[in-house]
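Reader: I would love to walk through this model with you. Shall we take it one question at a time?

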Amino acid sequence: MRILGIETSCDETGVAVFDDEKGLLSHELYSQVKLHADYGGVVPELASRDHVRKIVPLIKKALLDANTDHNTLDGIAFTQGPGLVGALLVGSSVARSLAYAWDKPAVGVHHMEGHLLAPMLETHAPAFPFVALLVSGGHSMLVDVKGIGEYEVLGESIDDAAGEAFDKTAKLLGLDYPGGPLLAKLAEQGEAGHYKFPRPMTDRPGLDFSFSGLKTFAANTIRDADDTAQTKANIAYAFQEAVVDTLIIKCRRALKQTGRKRLVIAGGVSANTYLRDAMKAMMAKMNGEVFYPSLGFCTDNGAMIAYAGMQRLKAAQYSPLSAAAKPRWPLDSLPAL
Ligand code: KG4
Ligand code: ZN
């Protein structure tokens, strides 16, 4: 079976063709980063308009690169939510129009399920069950995953998401949007031991996160510090170390609580090398294994939506053509396969 996947939940237009026997046949990505950089964050109306401009050419290119056309498709998957409503509407309208015109089923995909299943695109994919740490710009959560659609949310952020904390702290350090990867790069020049950021909510039981205090701590630290490049790098290092340390403490707790031996880390922040290395070391100590998407599929992309859509398509879990975009959509409300 073959599916087209369309992602437009935020500031990336992603399109991919996935075949359940041959794997990923093509994937296209257009990032709107430059468009939003001047504003220091995503401007929803500009995002929607740019998706409108890019989506059809990207779909044409994805089909061409996959050496195929719509006749070979068995369905069209699209991100139905959560995300920016205007951006979601573009992908869902185009996907459902194509489904109608080509007489194929449309499959609405949950964006975070897409992230969660992205490591399944790798050759060494995780087996169920596992604990998943989802860390993106909009969400941070720990999920016990028994199978596709069998999700128990163990904890989530009560304020800023991990990626959001990276972006806001990066902004305070004078870095461009989105600052997460730029802060990580700056931290590479930083030295350990100069600053000590708190590890929020680790001194009490539970698996929820809170990252907004780190941003405030960063603001105060930057205000009291000198303005040299080395100091900035040291602050970036200490911030990143605190976020990663906090995530490690919570993952370890979630693994102990559930008895799982496998950990999946996905979402934009899972592209962070410091995090990937630290989690690998932690899992080696626990005699477990950690799984990541490849770097290109950590942040938003069409491939993860095509993959998740394929699983739902095979289970005949289609969406009616009237399916509305869902800017808010709890992950644990999804049906099991
Ligand atoms: O999953 P994603 O592409 O979009 C959402 O669904 O939100 O995640 C984007 C987030 C941004 O906050 C970005 O700064 C962060 O992921 N990010 C990183 C890195 N690469 C992307 N944060 C830290 N280190 C990175 N290398
Ligand atoms: Zn995402």
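Reader: How far does a backbone N or O atom of Gly268 lie from an oxygen atom of ligand 1?

Author: Happy to start there, with the reminder that this is a predicted model. A pair of N or O atoms counts as a polar contact within 3.5 Å. The backbone pair between Gly268 and an oxygen atom of ligand 1 lies at 3.0 Å.

Reader: What share of ligand 1 does the protein bury?

Author: Taken alone, ligand 1 exposes 550 Å². Of that area, the protein buries 88%.

Reader: Which residues are the closest around ligand 1, and how many of its shell are polar?

Author: The shell has 17 residues, and the closest are His115, Gly137, Asp167, Asn272 and Asp300. Gly137 also places a backbone N or O atom 2.8 Å from an oxygen atom of ligand 1. By class, the shell has five nonpolar and two charged residues, while the number of polar ones is 10.

Reader: Which helix gives the largest share of the largest nonpolar core?

Author: That core has 42 residues, with Leu133, Leu142 and Leu247 among those touching the most other members. Helices H5 (162–172), H6 (179–187) and H8 (229–258) are among the elements that each supply at least two of its residues. The largest share, 14 residues, comes from H8.

Reader: Which residues of H8 does Leu142 touch?

Author: H8 spans 229–258. Leu142 has contacts that include Val131, Leu133 and Phe209. Its contacts within the H8 range are Lys250, Cys251 and Ala254.

Notes. Residues numbered from 1 in each chain as written. Chains lettered and ligands numbered in written order. Predicted model: local features only at pLDDT ≥ 70, side-chain atom pairs only at ≥ 80, totals over all residues. Heavy atoms only, no water. Core = buried A, V, L, I, M, F, W, Y, C linked by side-chain atoms within 4.5 Å. Buried < 20%, exposed > 50% of the residue type's maximum accessible area, 1.4 Å probe, protein only. Helix = DSSP H or I, 4+ residues; strand = E, 2+ residues; numbered from the N terminus. Contact = heavy atoms within 4.5 Å. Near = heavy atom within 4 Å. Polar contact = N/O pair within 3.5 Å; in protein donor to acceptor, adjacent residues only side chain to side chain. Areas by Shrake-Rupley, 256 points an atom, 1.4 Å probe, with all protein chains shown as cover. Nonpolar A, V, L, I, M, F, W, Y, C, P; charged D, E, K, R; others polar. Lists of a residue's contacts leave out its neighbours within four places in sequence.
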